[in-house]
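Open the model in a viewer and keep the sequence panel beside it. The stops below say what to select next and what is there.

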Amino acid sequence: MKAALFIFLSLILVISCSKKQSDKSRIDQRVDSLIHLMTLEEKLGQLNLPSAGDFVTGQAENSNIAKKIEKGLVGGLFNIKSQKKIREVQKLAVEKSRLKIPLLFGMDVIHGYETVFPIPLGLSCSWDMDLIKRSARIAAQEASTDGINWTFSPMVDIARDARWGRIAEGSGEDPYLGSQIAKAMVQGYQGDDLTANNTIMSCVKHYALYGAAEAGRDYNTVDMSRIRMYNDYFPPYKAAVDAGVGSVMASFNEIDGIPATANKWLLTDVLRQQWGFKGFIVSDYTGINEMVAHGIGDLQTVSAKALDAGLDMDMVGEGMLTTLQKSLKEGKITEAQIDDACGRILKAKFKLGLFDDPYKYCDENRAKSGIFSESNRAEARATATKSFVLLKNKNNLLPIKKGGIIALVGPLADAKENMTGTWAVAADYSKSISLLKGLQNEVGDEAKIVYAKGSNLYEDEILEANATPFGKTLHRDKRSADAIREEAVRIARNADVIIAAVGESAEMSGEASSRSDIEIPDTQKDLLKALLKTGKPVVLVLFTGRPLAIKWEEENVPAILNVWFGGSEAGDAIADVLFGDVNPSGKLTTTFPQNVGQVPLYYAHKNTGRPLGDAKWFQKFRSNYLDVSNDPVYPFGFGLSYTEFSYGEIRLSVNEMSSTDSLTASIDVTNKGSHDGDEVVQLYIHDVVGSVTRPVKELKGFKKIHFKAGETKSMSFTIHVNDLSFYKSDLSFGYEPGKFEVFIGTNSRDVKKAEFILK
Ligand code: BGC
């Protein structure tokens, strides 16, 4: 009886004091009081993040997970969709468990909730931080309306290998741009006030270096120098931490021979001690259990190693829940370590305000209007138009006029299930706008749209099945490739213009979607060839989740618009750009190679001792290939517009700067075409001589500016010593005096150059 009274009084204290959340130490006190009430089992329960499985609304009590929740053995659940279901499960935790601790509800809200924005790689090509932040804000609003309080986003893994399918989920190859985007996303999800009911906790992932998997094969080994980690791969994770991200997800890969999930140097020394991260760390899906296959111990050993390394929460595998008691008894871990992990998770729940109101994200009235609303969809459509990259536009074939006959051909033309791309778990694919629908919406009866599929995704049925799991079918046509193609050519012959919608399906990128061949599949190429043979103008609308090797297409097709996967409104957005209602302004955030053999290919490479210099390929005893030049097809930062921009010469405010000064680099940019348009003006730096070798160019600034036709603007960038600093071989961060080159231009290749001295 006495014990019950004590618990009751303590709980009152926990709940009432939690209202004053602005006082951080009060949260710490509440966490401490709560931990004192908890049994060891209950503490381990907080570290447990099982997957929800599915249950029908009204059946939560009978679901597999219910008993565990009632016993306090669950800290959170993820990927349950629907506010009603979440309310039911939360009710079990706060009404039936002894200590009434609310649950976290996580989800992979990666690029939108039901209103789906472009895949992250596409979104990054907007180079528009406000837009990116808004997309995360809308995603948070929709998800929180539906009961979700935690998202496993942003994914900020730098990726320089186009074979790796998860390149689609990040912001490309550049640490500077990646860091800006990481910050924008975290701020978009979390807003200024995590206790509000329309913000959610963000989880930056996958910490760390997941994008550097050997040979681009997913989950594969990573082996990297520390200097490269700090300079090229760590910055976006750190930027998310600096922006106040609430949680971090450990990656699947190993680092220095130790999987990230149990890597103490990574999780504790770097993340918590060097960067000052205060939130909690969750494993990736069965990340703890997978260390058994990595070969560093049995489940008990790897679970203890993970805790010892600083990992707090175990996603799905229940290794911590089922083995840590034994490890504690055997003296392999301490109860203080369990308390720390449990405390960090409880603290996140306090910060979210869940102890004040565990149902704060479950307001039925709010749910009716906030999700997939007209205004959110309009934002997603406008955002998608800004993610598209115009790669080629010979003789200004685009924009096309509304009129005559437009032939739409290709396996991605009438494929609404694929428009959202990878990771859109909350979306209803049937509501997405296909390109066919988008064109019809746009032209009404001003032009005639004729459609034929033209080819399957792959001629080989097995390859197509591998590329279309999860119900994102492309409605395979059973006829022969020749028959399907000939039908398309017949209708294309009578058209005024042909739009070929080809490339990858949504699931050809994303998790476990590595490719060893990054070209457009042969059967689709055959279709393109046949369409070009008609002599009609062909516009290639390229769907892809990765940089593709499209050298042949660049050489042979007159116009190429890369549309990635534009989200739920993709079809309308593509039509907006094809017909010129919106002038494309996207710029690539990954280099497009000529062939897979050049990969990894990225602009910020080192020079080597035997660079090609100004000489052209091929030169014996120089760093190049026998059979292909070193050039990409499209460099980082590349993207055309319906108008044309010209750049003047760089003016520097001074030619010498000291470490306490700054320097201004200015340039005149002119829109010399006849359309208004946006340009992303890019600033790169080269540290000519260093104590360690430095990249030939590094992005250090950019501005996306609107120009009226004919308008000239003077663009200025301020360069501080921080922009010239880097991690040296002892991993200290700082600058080194000497000569620097500064480049400004429309992409990483086509730039103007100046020089200055840092004293
Ligand atoms: C992925 C994560 C994701 C998690 C939960 C894993 O397979 O690697 O990115 O957040 O599943 O769905």
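**The ligand site**

Start with the ligand: 14 residues surround it, and Asp108, Arg166, Lys205, His206 and Asp284 come nearest. The model is a predicted one. Show the side chain of Arg166, where an N or O atom is 2.7 Å from an oxygen atom of the ligand. Next select Asp284, which has a polar side-chain atom 2.6 Å from a ligand oxygen. Then add Glu511, whose side chain places a polar atom 2.8 Å from an oxygen atom of the ligand. On its own the ligand has 310 Å² of accessible area, and the protein covers 94% of that.

Stay at the ligand and display the backbone of Lys205 and His206. The peptide bond that joins Lys205 and His206 is cis, with omega about -10°. His206 belongs to strand β5, residues 201-207.

**The sheet of 6 strands**

Now select the strands β11 to β16 and colour them separately. These 6 strands form an open sheet, in the order β11-β16-β15-β14-β12-β13, with mixed pairing. Its edge strands are β11 (389-393) and β13 (448-452), each of which pairs on one side only. From one strand to the next, the twist averages 20°.

Select helix α21, residues 522-533. Helix α21 packs on this sheet, touching β12, β14 and β15 (538-543), and its direction makes about 170° with that of β14.

Move to strand β12, residues 405-409, and to strand β14, residues 497-503. β12 and β14 run parallel and are joined by 4 bridges. To see the register, pick Val409, which stands opposite Ala500 in β14.

Then look at β13, the other partner to inspect. β12 and β13 pair in the parallel sense over 5 bridges. Here Ala407 stands opposite Val450 in β13. Trace the chain from β12 to β13: the path goes through helix α18 (residues 435-443), and this β-α-β crossover is right-handed.

**The sheet of 5 strands**

Hide the previous sheet and select β19, β21, β22, β26 and β27. Which order do the 5 strands take in this open sheet? The order is β19-β27-β26-β21-β22, and the pairing is mixed. β19 (656-657) and β22 (698-707) stand at the edges with a single partner strand each, so one side of each has no neighbour in the sheet.

Zoom in on β21, residues 677-687, which runs antiparallel to β22 and is joined to it by 9 bridges. Within this pair, Asp678 stands opposite His706 in β22.

**Backbone points to check**

Most residues other than glycine have a negative phi, and most peptide bonds are trans. The remaining stops can be read with that in mind.

Select Trp617 and Phe618, which are joined by a cis peptide bond with omega about 10°. Phe618 is in the loop between α23 (570-578) and β17 (645-647).

Go next to Ser82, which is not a glycine but has a positive phi of about 125°. Ser82 is found in the loop between β2 (76-78) and α5 (83-96).

End at His475. Where is His475 found? His475 is in the loop between α19 (461-466) and α20 (481-493). The phi of His475 is near 50°, a positive value in a residue other than glycine.

Note on methods. Residues numbered from 1 in each chain as written. Predicted model: local features only at pLDDT ≥ 70, side-chain atom pairs only at ≥ 80, totals over all residues. Heavy atoms only, no water. Pairing = 2+ DSSP bridges. Helix = DSSP H or I, 4+ residues; strand = E, 2+ residues; numbered from the N terminus. Axes fitted to C-alpha atoms, helices over the stretch in contact; angles between N-to-C directions. Contact = heavy atoms within 4.5 Å. Right-handed = clockwise from strand over helix to strand, strands pointing away. Near = heavy atom within 4 Å. Polar contact = N/O pair within 3.5 Å; in protein donor to acceptor, adjacent residues only side chain to side chain. Areas by Shrake-Rupley, 256 points an atom, 1.4 Å probe, with all protein chains shown as cover.
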